[in-house]
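The exercises below ask you to work through a ligand site and the pockets of a protein, one step at a time. Please keep the sequence and the model in view as you read each solution.

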Amino acid sequence: MAFSPLNSSSSIASRPLGRTGVSVSILGLGTVKFGRDAGVKYPGGVRIPSDEEAAALLTAAEGLGINILDTAPAYGNSEARLGRLLRSRPHPWFVITKAGESWDGAKSTFDFSESAIEASIEQSLSRLAVPQLGCVLLHSDGITEKSENGFSGALRAMQRARAAGVIRTIGASVKSAAGASAALAWADVLMLEFGADNAMRDIASQAAERGVGILAKKALASGHLDTLGREPVRGAMTRTLAIPGVCSVVVGTTNIDHLRENCEAASRAVDELAMQRRNMETGA
Ligand code: NAP
């Protein structure tokens, strides 16, 4: 893993996260690999970075102007490590975590009951050592999201925590268009995987109309870049950031060179999209 010091003075663009009042960088940093090396399908497996390497990655991300940090209780000790690493950092991170899925080192279990979600939020606040979480997303199992009242207890717990001010925004990381559609009724933020699924694109448009902020996950096919065609990183960033409603692409990486490449690709994508829009408006 190549960790080189980053020397960048330019800051990545931001977009409003729906109507949450939060402005987010168009690239976010996913942290599965900060804490979990089993039960994941990344090519070549996972080597969890040392504290020094993880701190260098955060420093690089801060220098690039990235403000989204995405973690979860299901990402092994990612939350606890971030809690330690963020302590001495004044950077205004918008920390996103999840609730509903737990990982015991060998398998996941899911519990979307009111008491489980309440306990999960308290645990995340403690592990991340922050007075307020930027966002808590239900970490969907892909099944409960399709049942009419599957998230009702979870929702009560999250809404209560938001009203108490310990969570700024709430939402869901879902696996299906049906789940995303159902969550539109209550979510401030949705995390979606796009791929070739047109139904997800329709949901993103509806979300944008409702003011729900959309985060894209797995835009780099969880590292299987060979499935993404020519210029995979640049192509994936352009395709994803062009989807109406998408505010930020959350990409997991533990490699500073990849982080920098992703940042450049995302920046170039939004520049090109802005130029295309201007050309359409002026008929050029
Ligand atoms: P992803 O962002 O599509 O891909 C991450 C993988 O791509 C890592 O193995 C990373 O390896 C590699 N990569 C990143 N940039 C690269 C580059 N420029 N060139 C070559 N390889 C590159 O998939 P993901 O991590 O599964 O999902 C993204 C984030 O979404 C997660 O970190 C998490 O925060 C969130 N999320 C994930 C899931 C899930 O089920 N996976 C579910 C919900 C939310 P290196 O470390 O070597 O860069």
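A residue is taken to be near a molecule if one of its heavy atoms lies within 4 Å of it. The model is a predicted one, and every value below is computed from it.

**Exercise 1.** Describe the shell of residues around the ligand, and state which elements contribute to it.

*Solution.* Begin with the count: 27 residues surround the ligand, and those that come nearest are Y42, D70, T253, H258 and N262. Next, sort the shell by class, which gives 11 nonpolar, 11 polar and 5 charged residues. Then identify the pocket concerned, since the space that the ligand takes is the largest pocket. Finally, assign the shell to elements: helix 1 (32-35), strand 12 (246-252) and helix 9 (256-282) are those that give two or more residues to it.

**Exercise 2.** Find polar atoms of the protein that lie within 3.5 Å of an oxygen atom of the ligand, and state how much of the ligand's accessible area the protein covers.

*Solution.* Start with the side chain of K218, a polar atom of which lies 3.3 Å from a ligand oxygen atom. Turn then to the backbone, where a polar atom of G223 is 3.3 Å from an oxygen atom of the ligand, while a backbone N or O atom of T254 lies 2.9 Å from a ligand oxygen atom. As a last step, consider the area: on its own the ligand has 870 Å² of accessible area, of which the protein covers 88%.

**Exercise 3.** Set out the volume and the lining of the largest pocket, and then do so for the second largest pocket.

*Solution.* For the largest pocket, the space amounts to about 1,300 Å³, and its lining consists of 46 residues, with V32, V40, Y42, K218 and S222 nearest the centre. The elements that give this lining two or more residues include strand 6 (101-103), strand 7 (108-110) and strand 10 (189-193). By class, the lining holds 17 nonpolar, 17 polar and 12 charged residues.

For the second largest pocket, the space is about 330 Å³, and of its 20 lining residues W93, F94, V95, V130 and Q132 are closest to the centre. Helix 3 (78-86), strand 5 (94-99) and strand 8 (133-139) each supply at least two residues of this lining, which divides into 11 nonpolar, 6 polar and 3 charged residues.

Definitions and conventions. Residues numbered from 1 in each chain as written. Predicted model: local features only at pLDDT ≥ 70, side-chain atom pairs only at ≥ 80, totals over all residues. Heavy atoms only, no water. Polar contact = N/O pair within 3.5 Å; in protein donor to acceptor, adjacent residues only side chain to side chain. Areas by Shrake-Rupley, 256 points an atom, 1.4 Å probe, with all protein chains shown as cover. 1 Å grid on protein atoms, 1.4 Å probe; cavity = no way out; pocket = protein on both sides within 12 Å on 5 of 7 lines; lining within 4 Å. Sits in = over half its atoms within 2 Å of the grid points. Helix = DSSP H or I, 4+ residues; strand = E, 2+ residues; numbered from the N terminus. Nonpolar A, V, L, I, M, F, W, Y, C, P; charged D, E, K, R; others polar. Points joined across faces, edges and corners; volume = space filled by probe spheres on them.
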